[in-house]
Structure formats: structure tokens, C-alpha cells
Amino acid sequence: MRRYNRLGLAGFAAVAATVLAAGCSSSSSSSTPAAPTSAAAGTSAPASAGTGGQGAQSVTNYLTYTAGKSGPADKSLPPVYIGFVNQQGGPTAVGLLATAGAQMAVNYANAELGGVGGHPIQLVTCFIASAEEEGTTCAQKFLANKKVNVINLGGVAVGVQSFYSTLHGAIPVIDGVAATPIDTTQKNAVILFGDATHILPPFGTYAKDVLHAKTAALVYPSDNAGIAIGAAAIKQGLQAAGVTVKSVGYSESTTDLTSVLTAAGAQTADMVIPYSDTAGCVNLAKSLKTLGITDPKKIVSAPLCLNGQVISGLGDWPHWTYAIASSLFGDPSDPGMPPYEAVAKKYSTPANAPDPWNIVNFGQMLTTIKVMNEVGYANLSPSAILAKAKAFTGPQALGAPSLACAKYSSAPAVCNDRIQLFEYTGGVTKGRPGWVKMSGWIQPPS
């Protein structure tokens, strides 16, 4: 049976939302609560900060956001072509539903937002299954099509090097979440929701400002290269915040992790971080319970464990606190979530709507359409689109309230380094997942 695994580094790329199981019910507040006080760089809004998402800045009107034209695109006009690459069709899919999210945005824009300047939008897709050279093939396909002025990237961890090398900066790439460090260094790319190296260090800010933690225990499968990179970023953020952290790696084949947790000092640490891919979540949860470590506020993780495989192993998701770099599906305090849910109800399926890649790629495609509308159909060109995309400062639909592309000289493509955190209180198996907002948007320690 094919295993669709959200790979380590790319897995936290799924931090762009939490992985909620198909069939989870969603709810929205009947009124919009007051917005929380904005968190400055290196600080965190308190746990009682009120609304999720972007508060009063939340994107709730997609027509205004995309600068579109109300009504359907004019099918008599020539189409606008947007390239789209995703890793799917092979043994591993980083973000299987990324394509569905992108197509959902295109279908919606063509039906209700006037496409781009009244012109219908058409996706030109290219999929990478498992081989590095397939990245070259995709780049060549887009270079040969002179009507493609911009490319959207889904969840792609294989073929990235050859893709960018062949593209050679000729066409801009708009990404939601970066699956590899290679993406972040590209001058022709814009990563709207961030990457693991920059959205994991805020764990340190959360430890210091919300938990007031002095010590932290971090455990992770060290033989998973992507996870190891993410774990290093978490450790860096904790140390920058003045938190003493003991990190212990283990083999992915290890099932009893009590000794690993003990070696990391988890029983006495103020904060415990079980950082693993989906396969290791069940073992971590069981071992934590064996050691009597059950406080959901001190156990903080990426959302990789919010997966159907984990429910099969535990009967529920672990009652921990989870970090995300986007809106949380079903968050009743997020004014930006009901508009997404309404569009998803018409143009997606109940199974797809909660998936993080569906959410992220829907949001990034809306931003791509916004950029193209602002450039203007008559002026569309790779250079004009790239300049406009890099100048975008947010708020990002279903993403962070503020973006700063090229903030990091070593990662010029990265535009976001913020996350928000929620405690899971149970209920997903009954279709009523409970969430408690633990922090507003926070950035890495100063």
C-alpha cells in the first residue's frame, strides 16, 4: 500500500495548518471578537489574547483581497496560465492535497472573482513522482511555454535542486511552505508561509514568554534528516531565548522511548518537545504517558501527530499543544476561517477542506492571483510578477498578519517566521475537535 508520509522538514511545512482528519466538524463564532494586541518581534501575546488568525486584520473578503472582478471570468478571453508543481504519484507525497487546494482557488476565482483581469485562469501542472531529474523535466516544460509567467509550488522535496537549476531564475516561483532549504535561497522565489528553519525557532519565544520555562527536553529521530534539521532549529530558538535545552536523538526503529525521554530530562523539564514524523508520534505519546508526563501545556510539538494514523494507534490525537503557521481549520475565534469554509463547501470536499496543504495552497494561489491582478493583464511578465510578489507585506490570506520577504539575507525567499499555538483538548473522533488558543502570533527570539 502506498504510504503518503509528510516528510520531516516538509512535515513541519505542514505547520502551515494542523492536519485535521476528514469529517471533523467546524464552527465559527456568530460575531467577530476583538482583535488581540499585536505581538512584537520576539514577544508573544498572552494565552488569553482572544481571536485566532489575524484578528481585525483577517482576510474575510476574497474579492477585495485579490483585487478581482465580481462574477465569472470571460471565457471568450485568452486564458492566463499559472504553472503548478507538486510531488505526487510516487511512493511518498509530501503534500498530496496541495494540487487540490490550488485547483480549488482557481475554480473559485474563475467562477466568482473574474479570474485575472476578467481572463480565465488555467493551471499548467507538472508532477514529480520520485526522481531528481523530474525537476528538470518540469522546469523545461514551463520554460518552453512562454505563456507561463509564474509558477506555484506545492509540497515538493524531490527534484527541487534540478528544478531551480534548470529554471535559472527565468520564471518566479510562489511557494506556500518550503519543503527543503534549497527553496529558501532562491532569489526568484517567494515563500509566503515560511520554512522549518524560520518557523521553528519561535518555540523559544513561546517557552520564555508563555510557559516561563527555564529548561526544555527535546527528543527526535536523528536518522530522519529533515526532522534533524527542524530539531536543530528548535534547539537554536530555545537557546536564544535563554532556555537550557537537552536534546536527545534516537533511531526511528526504536519503539519504547521512555529511556530517551528520561535521558533528555523530560520528567523534570519545564517544557517537553516530542518532535517526530507521524510514524513516531504513537510511541512518543505512549512513552510520555508511561513516565507520567501528561500536562498538555508543557508538551509542545509540531502538528505532525494530528493524523489519522495516530488516531488508529491511540484512539485520539495526543493532548498536547501544537504550533501552526497559518489559520487553524475550524478555529471559532478566527474571523478568516468562515470565508474559507464557505468556499471549500462549494469548491472542495469535506475530506479535503481541513488538510493543511489544501488550506495553504488555496491561500498562496489567491495571493498569486492578487499579484497578477495588481500587475495588470496587459503588463504580465515574470519580472513584474516577481517584483510585486516580493513587495507584498500581508496580511496573507489564511496566513500570518505581516510578511517580510528577504528579511533573512541567507534565505531571501522566506517571507514569514511567525507561528501561533493551540492546545488540543480532544473530540476529533466525535467530529468536534476542541482547541484552546495558547498564543498569538510569535516570532523567533530577538
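Me: Where does A67 lie in this predicted model?

Reply: In this predicted model, A67 sits in the loop that runs between helix 2 (62-66) and strand 1 (80-87).

Me: What is the phi value of A67, and how should a reader regard it?

Reply: The sign of phi is the point to inspect, together with the residue type. For A67, phi is near 55°, which is a positive value in a residue other than glycine.

Me: Is A67 buried, partly exposed or exposed?

Reply: The relative accessible area decides the class: buried is under 20%, exposed is over 50%, and partly exposed is in between. A67 has a relative accessible area of 41%, so A67 is partly exposed.

Me: Which loop holds H212, and what is the phi of H212?

Reply: H212 is in the loop between helix 8 and strand 6. The phi of H212 is near 55°, again a positive value in a residue other than glycine. With a relative accessible area of 58%, H212 counts as exposed.

Me: How should I read a cis peptide bond, and which residues does one join here?

Reply: The angle to look up is omega. The cis peptide bond joins G394 and P395, with omega at about 0°. P395 belongs to the loop between helix 15 (382-390) and strand 11.

Me: How many helices and strands does the protein have?

Reply: The protein has 15 helices and 12 strands. Of its 446 residues, 61% count as buried.

Me: In what order do the strands of the 3-strand sheet stand, and how do they pair?

Reply: One reads a sheet by listing its strands from side to side, then noting their directions. Here the 3 strands form an open sheet in the order 7-6-8, and the pairing is parallel. Strand 7 (244-250) and strand 8 (271-274) each have a single partner strand, so each is left with one side without a neighbour in the sheet. From one strand to the next, the twist averages 15°.

Me: How many bridges pair strand 6 with strand 7?

Reply: Strand 6 (residues 215-221) pairs with strand 7 in the parallel sense over 7 bridges. Within this pairing, L218 stands opposite S247 of strand 7.

Me: Which helix lies across strand 6, strand 7 and strand 8?

Reply: Helix 9 (residues 225-240) lies across these strands, and runs at about 170° to strand 6.

Me: What is the order of the 4-strand sheet, and which strands stand at its edges?

Reply: This open sheet has the order 9-10-11-12, with mixed pairing. Strand 9 and strand 12 (434-442) stand at the edges; each has a single partner strand, so one side of each lacks a neighbour in the sheet.

Me: Which residues face each other as bridge partners in strand 10 and strand 11?

Reply: Strand 10 (residues 321-324) and strand 11 (residues 419-426) pair in the antiparallel sense over 4 bridges. Y322 has F422 as its bridge partner in strand 11, while A323 has L421. As a general rule, the side chains of a regular strand alternate between the two faces of the sheet.

Me: How is strand 11 joined to strand 12, and how many residues of strand 11 are buried?

Reply: The two strands run antiparallel and are joined by 6 bridges. One pair of bridge partners is Y424 and W435, the latter in strand 12. Strand 11 is mostly covered, with 7 of its 8 residues buried. Helix 8 (residues 202-209) lies across strand 9, strand 10, strand 11 and strand 12, at about 105° to strand 12.

Me: Is C305 buried or exposed, and what is it in contact with?

Reply: C305 has 0% relative accessibility, and therefore counts as buried. C305 is found in the loop between strand 9 (300-301) and helix 12 (308-314). Leaving aside neighbours within four places in sequence, its contacts include C281, W317 and Y322.

Me: Why does the span of helix 14 agree with expectation?

Reply: One compares an expected span with the distance between the end C-alpha atoms. At 1.5 Å a residue, the 20 residues of helix 14 (residues 356-375) should span 28 Å; the end C-alpha atoms are 29 Å apart, so the two agree.

Me: Which residues mark the two ends of helix 14?

Reply: D355 caps the N-terminal end: a side-chain oxygen of D355 lies 2.9 Å from the backbone nitrogen of W357. Just after helix 14, G376 takes a positive phi of about 95°. Helix 14 is mostly covered, as 19 of its 20 residues are buried.

Definitions and conventions. Residues are numbered from 1 along each chain as its sequence is written. This is a predicted model: local features need pLDDT of at least 70, side-chain atom pairs count only at pLDDT 80 or more; totals for chains, interfaces and linings use all residues. Side-chain values use heavy atoms; hydrogens and water are left out. Two strands pair if DSSP finds at least two bridges between them. Axes are lines fitted to C-alpha atoms, for helices over the stretch in contact, and angles run from 0 to 180 degrees between N-to-C directions. Contact means heavy atoms within 4.5 Å. Buried means under 20% relative accessible area, exposed over 50%, partly exposed in between (1.4 Å probe, protein chains only). The expected span of a helix is 1.5 Å times one less than its number of residues. A polar contact is a pair of N or O atoms within 3.5 Å; within protein, one must be able to donate a hydrogen and the other to accept it, and residues adjacent in sequence count only if both atoms are side-chain atoms.
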